[in-house]
Amino acid sequence: MKQTGSRGELLVAEKLIANGWSVSFPHGDSEPFDLLASKGDRTLKIQVKSTLAPQYPKGKGPHYQFHLKHGRKSRAYDEGSVDIFVCVALDAKRFWVIDCRDKPKPSMKIYGAGSKYAQTEDNWATLEKPA
């Protein structure tokens, strides 16, 4: 499980660097976010959620599922502790960039192109939105 998260974090860091951001990793699991991304005078706390592959439940279409919670008791993130969630599908190297101000649900299922989260896929411009 830890390896899945680490893979996602490194893929997101590569995308950020390719888009001109500087990336820092907090030491250990001491912070509620995985990455600090800085560009100019803007610094963002980014939490990465990763999954290996889509799920195929009976009677429903395939989807990627992400839990936007943390800790052993699966607590919601406190307001202000994270600025951006990036959900990563490792099998297809797909990324959904979600602003925490949009109040995403704590459990997200992302279906195909018609999904309510479709507009967040590869939407790295979200990081440039004014605070």
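This passage describes the sheet, its helix and the two largest pockets of a predicted model.

The sheet is open and holds five strands. Their order is β1-β2-β3-β7-β8, and the pairing is mixed. The edges are taken by β1 (22–24) and β8 (94–99). Each of these has a single partner strand, so one side of each lacks a neighbour in the sheet. On average, neighbouring strands are turned by 30° against each other, direction ignored.

Helix α1 packs on this sheet. The helix touches β1, β2 (35–39), β3, β7 and β8. The direction of α1 makes about 140° with that of β3.

Two strand pairs can be described in detail. β3 and β7 run parallel and are joined by six bridges. Threonine 51 has alanine 89, in β7, as its bridge partner. The pairing of β7 with β8 is antiparallel and also rests on six bridges. Here cysteine 87 is bridged to tryptophan 96, which lies in β8. β7 and β8 form a hairpin with four residues between the strands. Lysine 93 in this hairpin takes a positive phi near 50°.

Although β8 stands at an edge of the sheet, five of its six residues are buried. A residue counts as buried when its relative accessible area is under 20%. β8 is therefore largely enclosed by the rest of the structure.

Attention then turned to open space in the model. The largest pocket has a volume of about 1100 Å³. Its lining comprises 31 residues. Gly5, Gln47, Val48, Lys49 and Lys69 are the closest to the centre of this pocket. Four elements each supply at least two lining residues: α1 (2–18), β3 (42–51), β4 (64–67) and β5 (69–70). By class, the lining of the largest pocket has 14 polar, nine nonpolar and eight charged residues.

The second largest pocket has a volume of about 450 Å³. It is lined by 21 residues. Nearest its centre lie Glu79, Gly80, Val82, Cys100 and Arg101. β3 and β7 (84–89) each give at least two residues to this lining. The lining of the second largest pocket divides into 11 nonpolar, eight charged and two polar residues.

Strand β3 thus appears in several parts of this description. It pairs with β7 and is touched by α1. It also supplies at least two residues to the lining of the largest pocket, and at least two to that of the second largest.

Key. Residues are numbered from 1 along each chain as its sequence is written. This is a predicted model: local features need pLDDT of at least 70, side-chain atom pairs count only at pLDDT 80 or more; totals for chains, interfaces and linings use all residues. Side-chain values use heavy atoms; hydrogens and water are left out. On a 1 Å grid over the protein atoms alone, a cavity is a set of points where a 1.4 Å probe fits but cannot get out, and a pocket is an open set with protein on both sides within 12 Å along at least five of seven lines; lining residues have an atom within 4 Å of a point. Grid points are joined across faces, edges and corners, and a volume is the space filled by probe spheres set on the points. Ala, Val, Leu, Ile, Met, Phe, Trp, Tyr, Cys and Pro count as nonpolar, Asp, Glu, Lys and Arg as charged, and the others, Gly among them, as polar. Two strands pair if DSSP finds at least two bridges between them. Axes are lines fitted to C-alpha atoms, for helices over the stretch in contact, and angles run from 0 to 180 degrees between N-to-C directions. Contact means heavy atoms within 4.5 Å. Buried means under 20% relative accessible area, exposed over 50%, partly exposed in between (1.4 Å probe, protein chains only).
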